[in-house]
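Work through the exercises below with the sequence and the model open. Each task is followed by a solution in steps.

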Amino acid sequence: MADIKVYPSRLNGEVKIPPSKSMAHRAVICAALGDGLSKISNIDYSDDIIATINGMRALGAVIEEKNECLEVRGINSKELSVNRDFERVVDCNESGSTLRFLVPISLAFEGVTRFVGRGNLGKRPLKTYYDIFDSQGIEYSYVNGVLDLVISGKLRAGTYEVEGNISSQFITGLLFTLPLLDGDSKISITTELESKGYLDLTLSAMKDFGIKVINNEYKEFIIKGNQRYRSRDYRVEGDYSQGAFFLSADALGNEVTILDLKEDSLQGDREVVDILERMGVVIEKTNLGMNGQVKHLNSTLIDASQCPDIIPVLSAVAALSNGKTEIINAGRLRIKECDRLAAVTQELNKLGAKVTEKSEGLIIEGVGELEGGVEVWSHKDHRIAMTLAIASTRCKAPIIIKDYECVSKSYPHFFEDFKKLGGRLDEWHMGK
């Protein structure tokens, strides 16, 4: 267990945002399904990305981690002749993306695949896939409450009906897989689609690697079979879900310039810019980067359906805004690395915020300042840990964040960057 003491401080300077975790997952997968050698640059080896790299290795790709890039020899390379008729193990660690993306992909190949993981990953619902397995006669077994899923069989082309108000990760997993199958397929979305931005990222990456998908207004996706992923060189863009922490820091009166965010990005978490602007933050965009300036923070209504990952840190901004902010359509935050609605409520209230938890969202009454002077817990969730660090910049007294090292899941160097910007920290490790 590791704790860190964070002193109230003003952040100032420039920070290069890590590459997009969402795009890195997708680039690694497309390259690993490719027909030759791809080189992926600007990639950060966070725990989640390592899980996907190792997962695609287990499925037959040859991947080497170089200093400046990731070299990927795709599964369908002529140079590779891999016997896949055996049991392979994919360790997803705590990465929901790795699990839900690779489950259908594994069924494009012969053999048995066992998926294992840790943390709350075994509690994440997989019923969408179980229903498909049942309809196609794919053999599977699982253990309730932990991730230990064993599947064997091959996915067949056809029509797949998928609800749109579940995680878009299921749809992405099918999108990756169906072009590889014999025969054409269609994914029909049966309810209102949430997280469209994540599907835009998937379709963009697939197009970059040579795969064609017809998107009929997000109501159905038409996928020709027997396509091939074409290997290429690819640079991963900066991550808006991580940039949101420092844009939110600016909203709280810090002066950070955020580098390497693509202004016309398709990332759904780019919505952080629009939300902060509604709250009174002036976001200046220059060739150097982005920064935010604010005179008065105002409350607003935040719809979490398309951008769930930025809700924790926006809750910290709302806690210091004038008036009452309501966050709606946020029920899916309960099945992330922790129950984020409960965690945000508990930990921000410890700091002196006024947050009320609802079944599908939050009500946040703004206060003038946070008190601090307490011990808070990350709930072993990277986004909660980083949210609390940003909130500390508006606390009157230092705070102690327990289990802060969980930031390695997505942003391993977060506290190093925080310190370079002027953050004051003391860290120590406790015996287990």
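Buried means under 20% relative accessible area, exposed over 50%, and partly exposed in between, computed with a 1.4 Å probe on protein chains only. The model is predicted, so local features need pLDDT of at least 70 and side-chain atom pairs count only at pLDDT 80 or more, while totals for chains, interfaces and linings use all residues. Residues are numbered from 1 along each chain as its sequence is written, and side-chain values use heavy atoms, with hydrogens and water left out.

**Exercise 1. Classify Arg 332 as buried or exposed, and find its salt-bridge partner.**

Step 1. Arg 332 has a relative accessibility of 18%, so it counts as buried.

Step 2. A salt bridge is a side-chain nitrogen of Lys or Arg within 4 Å of a carboxyl oxygen of Asp or Glu. The side chain of Arg 332 meets that of Glu 194 at 3.3 Å, N to O.

Step 3. Glu 194 is in the loop between β11 (185–189) and α6 (196–208), and Arg 332 is in the loop between β19 (324–328) and α10, 138 residues apart. Helices (H or I, at least four residues) and strands (E, at least two) are DSSP runs, numbered from the N terminus.

**Exercise 2. Place Ser 167 and Gln 169, and state what their side chains contact.**

Step 1. Ser 167 sits in the loop between β10 (159–162) and α5, and Gln 169 lies in helix α5 (residues 168–177).

Step 2. Ser 167 is buried at 13% relative accessibility; Gln 169 is buried at 14%.

Step 3. A polar contact is a pair of N or O atoms within 3.5 Å; within protein, one must be able to donate a hydrogen and the other to accept it, and residues adjacent in sequence count only if both atoms are side-chain atoms. The side chain of Arg 100 makes such a contact with the side chain of Ser 167 at 3.3 Å and with that of Gln 169 at 3.0 Å.

Step 4. Contact means heavy atoms within 4.5 Å. Not counting residues up to four places away in sequence, Ser 167 touches Arg 100 and Arg 332, and Gln 169 touches Gly 96, Ser 97, Arg 100, Phe 101 and Tyr 129.

**Exercise 3. Check the length of helix α10 and describe its surroundings and ends.**

Step 1. The expected span is 1.5 Å times one less than the number of residues. For the 12 residues of α10 (residues 340–351) this gives 16 Å, and the end C-alpha atoms are 16 Å apart, which agrees.

Step 2. Nine of the 12 residues are buried, so α10 is largely enclosed by the rest of the structure. Among them are Arg 340, Val 344 and Leu 348.

Step 3. At the start of α10, a side-chain oxygen of Asp 339 comes within 3.3 Å of the backbone nitrogen of Leu 341. Just after the helix, Gly 352 has a positive phi of about 115°.

**Exercise 4. Trace the charged pairs around Asp 309 and Arg 383.**

Step 1. Asp 309 forms a salt bridge with Lys 336, with the closest N and O atoms 3.8 Å apart. Asp 309 is in the loop between β18 (301–303) and α9 (311–319) and Lys 336 in the loop between β19 and α10, so the pair ties together parts 27 residues apart in sequence.

Step 2. Both Asp 309 and Lys 336 are buried.

Step 3. Arg 383, in helix α11 (residues 382–392), is buried at 3% relative accessible area. Leaving aside neighbours within four places in sequence, its contacts include Lys 21, Asp 309 and Arg 340.

Step 4. A network of salt bridges links residues including Lys 21, Asp 309, Lys 336, Arg 340 and Arg 383.
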